[in-house]
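This report walks a new reader through one structure, from its sheet to a few chosen residues. The sequence and the structure come first, and the description follows.

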Amino acid sequence: LERLDMDCNAVETLPRKMQGMRSLRTASFRSNCLRTLPSSMSDLRALTELDLSHNRIDSVPDEAMAGLGALRMLNLSVNQIEFLPKSLAGLTALQHLDASRNVITILPDLPPSLQTCDASRNMLASARNLGKLKNLVKLDLSHNEIVGEFALHALHTVEQVDLRDNRIAELSPLNGPLTRLAELRLSTNRLAALPGTFGKGM
């Protein structure tokens with residue numbers, strides 16, 4: 001079995017043992033009734049795409065994600081997750097992460113392989129360690145509660161940034177040009193001015 005589609009059912013729990021599905025490459029449990037994930041999820045070492053959106057998940061154990069070294073796309077959107085697992089940092093193949101529409105309060109370290117990150121519509125008060133994302137192209141942190149200064153200068157590879165509807169009061173000075181940045185959305189924040197180096201660093 002390489003592909004499993006269980007969308008739009010009433011699944012509440014996943015099997016505690018998944019050794020029989022080790023060749024699974026794509027799995028979708030969108031729109032079910034899941035509340036958490038078993039540690040056996042880490043047995044799916046061939047998995048490249050996992051969709052867990054539109055469930056009732058409030059926790060993602062570290063051990064559930066730890067073994068998913070081939071995972072490239074992870075969708076956790078529209079759940080009740082407060083904390084993302086620290087084991088995400090070890091998913092060195094992960095390119096696309098959607099954690100939007102949860103209640104996440106802090107972002108953990110994320111893998112440098114990440115190209116798109118959507119954490120919009122959460123409860124983030126800050127966004128740190130983004131400078132480690134050396135391949136990031138698209139970042140959406142809109143509709144959060146980010147306050148104070150935002151370190152835009154750390155996002156050297158980014159092309160699209162959405163920071164709408166936060167409480168950002170200041171953008172950090174640009175230390176170098178953001179030559180790839182094509183779209184920057186900053187509406188509905190608390191900015192009084194742009195950095196003096198802003199025009200030179202684009």
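## Burial and the two cysteines

A residue is called buried when its relative accessible area is under 20%, exposed when that area is over 50%, and partly exposed in between. The model described here is predicted, and in it C117 has a relative accessible area of 4%, which is under the 20% limit, so C117 counts as buried. C8, by contrast, has a relative accessibility of 61% and therefore counts as exposed.

A search of the whole structure for disulfides finds 0 of them. For C8, which takes part in no disulfide, the nearest cysteine sulfur belongs to C33 and lies 11 Å away.

## The sheet

The strands include an open sheet of 9 members with parallel pairing, and their order across the sheet is β1-β2-β3-β4-β5-β6-β7-β9-β11. At the edges stand β1 (3–5) and β11 (183–185), and because each has a single partner strand, one side of each is left without a neighbour in the sheet. From one strand to the next, the twist averages 5 degrees.

Within this order, strand β6, made of residues 116–118, runs parallel to strand β7, made of residues 138–140, and 3 bridges join the two. The buried residue C117 stands opposite L139 of β7.

## The nonpolar core

L139 is also among the residues with the most contacts inside the largest nonpolar core, which has 55 residues; the others named for their contacts are L37, L50, L74, L141, F150 and L155. The elements that contribute two or more residues to this core are α1 (62–65) and β10 (167–171).

L155 gives a view of the surroundings of one such residue: when residues up to four places away in sequence are not counted, L155 touches L130, L136, L139, F150, V161 and L178. Two of these partners, L139 and F150, are themselves listed with L155 among the residues that have the most contacts inside the core.

## Two residues between β4 and β5

The loop between β4 (73–75) and β5 (96–98) holds L76, and E82 is placed in that loop as well. How does accessibility class L76, as buried or exposed? With a relative accessibility of 0%, L76 counts as buried, whereas E82, at 36%, counts as partly exposed.

Setting aside residues up to four places away in sequence, L76 touches L52, S53, I81, L84, D98, A99 and N102. L76 and R30 are 46 residues apart along the chain, and their C-alpha atoms are separated by 9.3 Å. With the same kind of sequence neighbours left out, E82 touches D58, V103, I104 and T105, and its C-alpha atom is 11 Å from that of P108, a residue 26 places away in sequence.

## A buried asparagine in the loop after β9

N166 is found in the loop that lies between β9 (160–162) and β10. Although asparagine N166 sits in a loop, its relative accessible area is 6%, and N166 is therefore buried.

The side chain of N166 reaches the backbone oxygen of L163 at 3.1 Å. Apart from neighbours within four places in sequence, N166 is in contact with L141, S142, H143, N144, E145 and I146, and also with T188 and N189. One of these partners, L141, is named among the residues with the most contacts inside the largest nonpolar core.

Conventions
Residues are numbered from 1 along each chain as its sequence is written. This is a predicted model: local features need pLDDT of at least 70, side-chain atom pairs count only at pLDDT 80 or more; totals for chains, interfaces and linings use all residues. Side-chain values use heavy atoms; hydrogens and water are left out. Two strands pair if DSSP finds at least two bridges between them. Helices (H or I, at least four residues) and strands (E, at least two) are DSSP runs, numbered from the N terminus. Axes are lines fitted to C-alpha atoms, for helices over the stretch in contact, and angles run from 0 to 180 degrees between N-to-C directions. A nonpolar core is a set of buried Ala, Val, Leu, Ile, Met, Phe, Trp, Tyr and Cys residues joined through side-chain atoms within 4.5 Å. Buried means under 20% relative accessible area, exposed over 50%, partly exposed in between (1.4 Å probe, protein chains only). Contact means heavy atoms within 4.5 Å. A disulfide is a pair of cysteine sulfur atoms within 2.5 Å. A polar contact is a pair of N or O atoms within 3.5 Å; within protein, one must be able to donate a hydrogen and the other to accept it, and residues adjacent in sequence count only if both atoms are side-chain atoms.
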